[in-house]
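Me: Hey, I've just opened this one and could use a walk-through. Mind if I throw some quick questions at you?

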Amino acid sequence: MFDRLLLHAKYVADTYPECRIVLQSPDTDVLALSISHCSDINCTEFWFKTGVKDRLRYVPVHGVSQELGEKMCRALPALHAIIGCDSTSALAGIGKKKGWQVLLRHEQHQDNLGLLGSERNLSDGIATQCEAFICDLYPSSRIKPRTVDELRYFLFCQNRKQKNELLPPTSDSLLQHLKRVNYQTFVWRKALTAIQNLPQPESNGWVREDSSLKPVYMTKEPAPSSLLVLRTCTCQSGCQSNCSCNNTGLSCSEACYCMASSDMCRNPHGVLLDFVSDSDSEDSDSDWEQ
């Protein structure tokens, strides 16, 4: 494992305290871990060498670590795993740059991601906090969603032309992803430990099939079956003669272009007739009096 490189770097630094360490690797994971663990490797300078030929460069890990501060360095491995690394999947349409910008703007997210991977198993509290970070990765200026399910529903209703694969994951699918992220971050946080006592991955978002590990993508259906067969219209006004919902005897919903708004939608099937006749009212009153 590449995180063992940092263990060797720490051994050299402990043996020769005034040394300058140069760690060479083409992997971004190694750079992220180097920055995160830099304060625990006591050397004069810590450099990361990467690239070849005219693209060869040296990154001053000691300088980057000092510039970012303790909170950002602590949260960096979790951020790298959540957005996607060698062992965890990526979020469609969300890159490292977007995640980095959101993390820089919110100190609370830095604290929350800094807790990820501190325990063997993902707790409900940390999962909820990480879900709030995922929600902030997607544009939703009109609402402040509490869960990715709410955000997913809102984005689905607002942008009919958006590809479904670009929607955020369901809360159930995200939970499995966060379990894998927590497991990977837990391993990374022990990079400087010589003998690691690691938990089994089977209970952390993975399942073993035929002696190989496979990710658990979800344990529930991605959407209610009624929603998967739901008809929606693209009416910009009226929702009458040319409305596909109206013509099939269905009411419009928030998934339609009109969003079943009283200002835009005139679909009679969506009107709820809520009145009581005089006789019914009298009967109702007498029933209550009895």
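Me: Which exposed residues does the face of α1 turned away from its buried side carry?
Reply: That face carries His-8 and Tyr-11, both exposed. Keep in mind that this is a predicted model.

Me: OK, and which residues are buried in α1?
Reply: Leu-6, Ala-9 and Ala-13 are the buried ones there. They sit on the same side of α1, because the arc they cover around the axis is only 55°.

Me: Why do residues three or four places apart point the same way in an α-helix?
Reply: An α-helix has 3.6 residues a turn, so residues with that spacing end up pointing the same way.

Me: What covers the buried residues of α1?
Reply: The cover includes β1 (20–24), α2 (28–37) and β2 (45–50).

Me: How many residues does α1 have, and what does it reach from its first C-alpha to its last?
Reply: α1 runs over residues 4–15, so to speak a stretch of twelve residues. From first C-alpha to last it reaches 17 Å, close to the 16 Å expected at 1.5 Å a residue.

Me: Moving on to the sheet. What's the order of its strands?
Reply: The order is β1-β2-β3, in an open sheet of three strands with mixed pairing. β1 and β3 (57–60) are the edge strands, each pairing on one side only. From one strand to the next, the twist averages 30°.

Me: Are β1 and β2 parallel or antiparallel, and how many bridges join them?
Reply: They run parallel, joined by five bridges. Ile-21 has Phe-46 of β2 as its bridge partner, and Gln-24 is partnered with Lys-49 in β2.

Me: Where does α2 pack?
Reply: α2 packs on the sheet and touches β1, β2 and β3. The direction of α2 makes about 170° with that of β2.

Me: Which residues of β2 are on the covered face, and which on the uncovered one?
Reply: Phe-46, Phe-48 and Thr-50 are on the covered face, while Glu-45, Trp-47 and Lys-49 are on the uncovered one. In a regular strand, side chains alternate between the two faces of the sheet.

Me: New topic: what about β4 and β5, parallel or antiparallel?
Reply: Antiparallel: four bridges join β4 (residues 206–209) to β5 (residues 212–215). One partnership is Glu-209 with Ser-212 of β5.

Me: How many residues are between the strands in that hairpin?
Reply: Two residues, and Asp-210 in this hairpin takes a positive phi near 55°.

Me: Back to the start of the chain. Where is Tyr-16 found?
Reply: Tyr-16 is in the loop between α1 and β1.

Me: Does Tyr-16 count as buried or exposed, and why?
Reply: Exposed, because its relative accessibility is 53% and the cut-off for exposed is over 50%. The C-alpha atoms of Tyr-16 and Asn-42 are separated by 9.2 Å, with their positions 26 residues apart along the chain.

Me: How many disulfides does the structure hold?
Reply: Zero.

Me: What about Cys-135 and Cys-239, buried or exposed?
Reply: Cys-135 is buried, at a relative accessible area of 2%. Cys-239 is buried too, at 1%.

Me: Last one, the whole chain: how many helices and strands?
Reply: Twelve helices and five strands. Of the 290 residues in the chain, 37% are buried. Among contacts with a separation of 6 or more, 58% come from residues 24 or more positions apart.

Methods. Residues are numbered from 1 along each chain as its sequence is written. This is a predicted model: local features need pLDDT of at least 70, side-chain atom pairs count only at pLDDT 80 or more; totals for chains, interfaces and linings use all residues. Side-chain values use heavy atoms; hydrogens and water are left out. The expected span of a helix is 1.5 Å times one less than its number of residues. Buried means under 20% relative accessible area, exposed over 50%, partly exposed in between (1.4 Å probe, protein chains only). The arc is that of the directions from the helix axis to the C-beta atoms. Contact means heavy atoms within 4.5 Å. Two strands pair if DSSP finds at least two bridges between them. Axes are lines fitted to C-alpha atoms, for helices over the stretch in contact, and angles run from 0 to 180 degrees between N-to-C directions. A disulfide is a pair of cysteine sulfur atoms within 2.5 Å.
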